[in-house]
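The following exchange examines how particular descriptions of a protein model are justified. Each reply sets a computed value against the criterion that applies.

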Amino acid sequence: MTVSEKREAARQFFQKWVNKGKEDEDDRSYWIDILTRLMAVENATDHIEFQKKVIIDGNTKRIDAYIPETKVLIEQKSLGVSLDKKILQSGGIELTPYEQAKRYNDNLPYTEKARWIVTSNFAEIWIYDMDMRVPEPTKINISDLQSKYDMLEFLVNQETVKISQEVQISKDAGIIVGKLYDAFIKQYETPDDPETLKSLNKLCVRIVFCLYAEDAGIFGIKNLFHTYMEQFNAQTARKALRDLFRILNQKEEERDKYLKDDDPILASFPYVNGGLFEDENVEIPPFTDELLHLLLDSSNFEWQNISPTIFGAVFESTLNPETRRSGGMHYTSIENIHKVIDPLFLDDLKQEFEELKNMQTRKKDGSINPIPYANKMKYLDAFQDKLASLKFLDPACGSGNFLTETYLSIRRLENAVIKEKYEYQKDAFAGQISLTDLNTMNPIKVSISHFYGIEINDFAVTVAKAALWIAESQMLEETKAIVHMNISYLPLETNAYIIEDNSLKLDWNDVVPNYELNYIMGNPPFNGARTMSKEQKAEMVNIVETESGDPKKYKNYSKNLDYVAAWYFVAARYIKGTGIQAGFVSTSSICQGEQVFPLWNTLINDMNILINFAYKPFKWESESTKSAQVFVTIIGFSDKSFALKEKRLFEGNDCKKGENISPYIMLAPTIIVKPHKDAPDGVLKIAFGNQPRDGGNLILTEEERDEILKKEPSVSKYILPYIGSLELIKGTKRYCIWLNEVPPEEIVKSKFLTERINLVREFRLSSKAKTTNQYAKVSHRFAQVAQPKNDFLAIPEVSTSKRRYIPMGFFHHDVIASNKLFIVANASLYHFGILESNVHMAWMRAVAGRFGDGYNYSKELVYNTFPWPTPTKEQKARIEKTALSILEARKRHSSVSLEVMYGENMHLFTDLRDAHNANNRAVMQAYGFSIKDMSEEDCVSELMKLYQKMEQQ
């Protein structure tokens with residue numbers, strides 16, 4: 001089924017089952033409908049068992065539904081029954097539906113125990129992953145199935161279970177490698193020497209390959225490595241390993257002809273090649289009994305079941321000193337890799353293959369005929385040749401997880417082609433052939449030699465190559481199972497072209513010429529503009545400003561760009577004039593705030609780049625226990641001449657299609673907002689609040705103020721309310737010492753004021769910033785003063801994205817605004833109504849920068865660029881009235897803070913909510929916007945057009 005077909009099936013399912021469902025009457029048809037309609041399962045009743053018996057305390061109970069293939073246990077309740085409410089059971093105990101299902105599951109035979117438990121009341125489906133230590137429900141409302149249908153894939157797809165198991169096995173393998181690493185490093189004479197660490201890393205890679213090869217049968221004899229090493233003791237194990245590595249690097253004809261007589265086990269090892277065992281200078285330290293036992297014990301692990309995609313990253317994280325120090329293993333998940341490669345190429349390839357499988361011819365009378373054998377094989381051969389011709393580059397490949405998962409995906413697709421050819425041959429000749437063309441040659445055409453990577457870390461390069469070799473081995477086993485023939489894996493004849501170099505200084509054409517390449521993908525470093533090293537900053541300047549061909553035009557463009565932007569610039573130059581499609585995981589800030597103009601104005605208008613698909617920003621999940629919270633986007637792009645006609649925008653599980661994706665990750669025309677230092681003519685000016693730069697010495701808590709006034713009540717007139725974003729939103733109180741126009745003879749009368757001013761002076765003089773030093777001359781004042789003489793409107797600089805509105809407020813001119821506020825002097829109710837409306841909030845959300853998961857309001861980007869309406873007198877009066885209603889509603893709830901009023905429970909403050917809704921309608925009418933039909937993206941799109949007109953005036 002196509003995506004659109006699945007969405008339509010989900011819509012139909014919802015229409016059928018909305019407000020319907022009795023446990024005893026409808027559960028069978030409900031789940032059969034899910035399997036048939038949503039999961040496209042043929043003969044669904046053959047795959048699900050209803051009323052399965054289970055014995056509990058000698059009594060026979062019935063499981064509502066059970067799917068044996070994927071081990072899914074379903075407990076169905078009637079519509080309206082709460083899925084987290086305890087229900088009285090026979091026997092007098094009370095259990096929730098999940099507890100009831102788990103009780104059934106606990107009494108099933110081990111081989112039938114559920115991998116997933118599902119509870120449902122027809123309106124909701126709750127999914128429990130029983131591989132989790134503490135299973136928590138993933139909840140789906142059937143009204144959301146159009147965007148979440150793929151969350152039910154586990155019902156029929158055993159691959160979901162397999163991936164979860166592979167990930168866990170890979171993590172466990174990483175723990176074993178870490179123990180080996182720690183045991184080996186203790187044995188080196190100079191464990192801190194960089195050369196020692198390089199040897200240890202290579203040694204661990206070789207050992208892991210041997211452990212994997214013996215478990216996967218690559219060595220030809222099961223447990224051969226273990227059998228070989230267990231002959232030796234701690235005194236002889238070091239020499240044994242050295243001898244083994246030498247043999248693995250020798251062709252059989254180059255070996256000692258008497259080796260089989262001297263050491264038949266050693267002679268049994270095959271020639272590996274591939275360069276893995278080439279370096280004879282790898283230092284192997286002396287063994288201990290404990291170390292040898294640990295090595296032998298490691299052979300008992302399920303190495304052949306690891307996921308090479310995940311294990312490569314886990315392996316590197318385990319052995320890389322930097323990642324070990326930073327909190328543990330971290331990697332790009334398989335799910336997130338597919339968010340890049342699926343829309344980049346894999347979805348299209350899979351669809352093309354499905355169309356090939358279903359090829360038919362139609363006779364003149366309208367009847368269907370299978371396509372002739374020769375034609376079908378020709379098309380399948382051509383498609384396999386196409387797969388084998390594709391070339392991929394990851395220019396920041398790390399331990400190779402993008403390359404490895406891409407290789408696995410392409411080979412799985414090739415195996416499906418091989419299977420189709422195999423089955424089609426048998427059908428075409430009624431099974432009376434020898435399958436000659438498949439048995440006389442290697443049916444595999446896809447090679448890891450078409451997968452290229454660039455990585456600056458030498459150890460990561462080695463790990464990436466090993467991960468690709470393991471992936472090659474696993475896919476070879478799948479092919480052998482299809483064609484029932486023995487295909488030799490060793491010696492390694494294919495090359496994994498992973499280059500050790502700085503991809504921002506290397507010409508990518510030296511790795512693979514751009515006219516040969518098809519796809520670029522990856523996850524470049526996440527360093528922000530303020531966290532880059534000096535070397536990285538220099539690289540950015542060189543790439544953006546020096547190599548652009550017009551240094552004057554791009555001067556200072558690089559200073560605010562995240563590090564990942566450098567890969568966009570290099571990729572844009574590399575793909576120019578070619579059909580290469582690219583896709584990167586990127587920090588979301590490159591599509592937000594101040595970075596949009598310098599990056600995307602250059603890429604789109606100067607370098608001929610267009611966005612083909614993108615993901616709305618989402619939280620990046622990392623396995624690192626100390627990783628900072630990072631929000632990312634995924635962007636697919638190409639040269640404009642080879643851009644896709646239909647663009648795809650993803651948000652969660654939802655996909656929208658349109659003609660263009662703007663750099664703000666919206667289906668909208670490409671209009672890029674350029675920061676403005678000043679507001680347009682006729683618009684009230686906005687300014688930062690007052691900047692203290694005082695080391696905290698001019699700021700007081702309420703308790704501090706009260707304590708001071710007890711001692712010196714005369715200074716009360718110099719201690720004024722002080723408000724920033726937190727004080728405005730949370731309602732907390734702070735004060736400041738405000739001596740802006742106070743004569744010195746008044747100040748020196750107070751011991752408290754004099755002491756505080758001297759502390760400010762010391763702080764400013766001790767600063768490394770020269771500008772701060774200069775402010776020591778006026779140590780009684782805030783460093784930068786912007787306090788208006790009239791009342792003002794305050795706008796918080798930072799506000800969480802969980803709020804629909806940024807709470808703004810009016811303040812008396814004696815309330816001192818901090819630099820964490822923007823202030824608009826002389827603002828009226830009309831200005832407040834416009835700025836607090838959904839129209840202005842939509843503009844802010846589109847163009848503002850981000851601070852974690854919050855918004856970073858900006859005067860240059862948000863306020864000064866905002867297109868104001870031109871209302872009639874009546875419209876303006878209506879906005880003033882609705883704005884006043886908002887303020888009055890706030891007054892009625894003044895016992896709580898704006899944080900509470902505008903938080904997750906805003907719906908409870910119905911008068912405030914209604915006032916905002918009325919204000920939104922009034923403002924939209926002033927713009928001439930449709931209240932009923934306009935989405936937020938539509939609103940921003942119209943505002944962008946108004947902005948463009950404003951720029952052209």
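Q: What makes two strands count as paired?
A: Two strands pair if DSSP finds at least two bridges between them. In this predicted model, five bridges join strand β6 (residues 116-120) to β7, so the criterion of at least two is met. The two strands run antiparallel, and W116 stands opposite D129 in β7. The hairpin of β6 and β7 has three residues between the strands, and F122 there takes a positive phi near 75 degrees.

Q: How do you know that β7 also pairs with β8?
A: Four bridges join β7 to strand β8 (residues 138-141), again with an antiparallel course. As at least two are required, this is a pair. I127 has T138 in β8 as its bridge partner.

Q: Why is strand β7 called largely enclosed?
A: Five of the six residues in β7 (residues 124-129) are buried, and the strand is therefore largely enclosed by the rest of the structure. Buried here means under 20% relative accessible area.

Q: What makes β19 a partner of both β16 and β20?
A: Strand β16 (residues 609-615) is joined to β19 by three bridges, and these two run parallel. Strand β20 (residues 654-658) is joined to β19 by five bridges, and these two run antiparallel. The threshold is at least two bridges, so each count qualifies as a pair. F650 of β19 stands opposite Y615, and F650 has C655 as its bridge partner in β20. In the hairpin of β19 and β20, which has two residues between the strands, G652 takes a positive phi near 60 degrees.

Q: Why is β19 described as largely enclosed?
A: Four of the five residues of β19 (residues 647-651) are buried, and so the rest of the structure largely encloses this strand.

Q: Why is D243 called buried?
A: The relative accessibility of D243 is 13%. Buried means under 20%, so D243 qualifies.

Q: How do you know that D243 and K239 form a salt bridge?
A: Their side chains meet with an N to O distance of 2.8 Å. The limit is within 4 Å, so the contact counts as a salt bridge. D243 and K239 both lie in helix α8 (residues 237-248), four residues apart, about one turn of the helix. An α-helix has 3.6 residues a turn, so residues three or four places apart point the same way.

Q: What makes the contact of R845 and E936 a salt bridge, and which parts does it tie together?
A: The side chains of R845 and E936 meet at 2.9 Å, N to O; the limit is within 4 Å, so the pair qualifies. R845 lies in helix α29 (residues 838-847) and E936 in helix α34 (residues 936-952), so the pair ties together parts that are 91 residues apart in sequence. R845, at 15% relative accessibility, counts as buried, whereas E936, with a relative accessible area of 39%, is partly exposed.

Q: Why is D911 called partly exposed but R892 exposed?
A: D911 has 24% relative accessibility, and R892 has 54%. Exposed means over 50%, buried means under 20%, and partly exposed lies in between; hence D911 is partly exposed and R892 is exposed. Their side chains meet in a salt bridge (3.0 Å, N to O). D911 lies in helix α33 (residues 910-927) and R892 in helix α31 (residues 873-892), so this pair ties together parts that are 19 residues apart in sequence.

Q: Why is D192 called exposed, and where does D192 lie?
A: D192 has 71% relative accessibility and therefore counts as exposed, the cut-off being over 50%. D192 lies in the loop between α5 (158-185) and α6 (194-216). A surface patch of negative charge gathers E189, D192, D193, E195 and E283.

Q: Why is P663 called buried?
A: P663 has 0% relative accessibility and so counts as buried, given the cut-off of under 20%. P663 is found in the loop between β21 (661-662) and β22 (666-667).

Q: How many salt bridges and which share of buried residues result from these criteria?
A: The count comes to 34 salt bridges. Buried residues make up 52% of the 953 residues in the protein chain.

Note on methods: Residues numbered from 1 in each chain as written. Predicted model: local features only at pLDDT ≥ 70, side-chain atom pairs only at ≥ 80, totals over all residues. Heavy atoms only, no water. Buried < 20%, exposed > 50% of the residue type's maximum accessible area, 1.4 Å probe, protein only. Patch = residues over 30% accessible without salt bridge, like charges linked within 9 Å, V, L, I, M, F, W, Y side chains within 5 Å. Areas by Shrake-Rupley, 256 points an atom, 1.4 Å probe, with all protein chains shown as cover. Lys, Arg positive; Asp, Glu negative; His and termini not counted. Charge placed at Lys NZ, Arg CZ, Asp CG, Glu CD.
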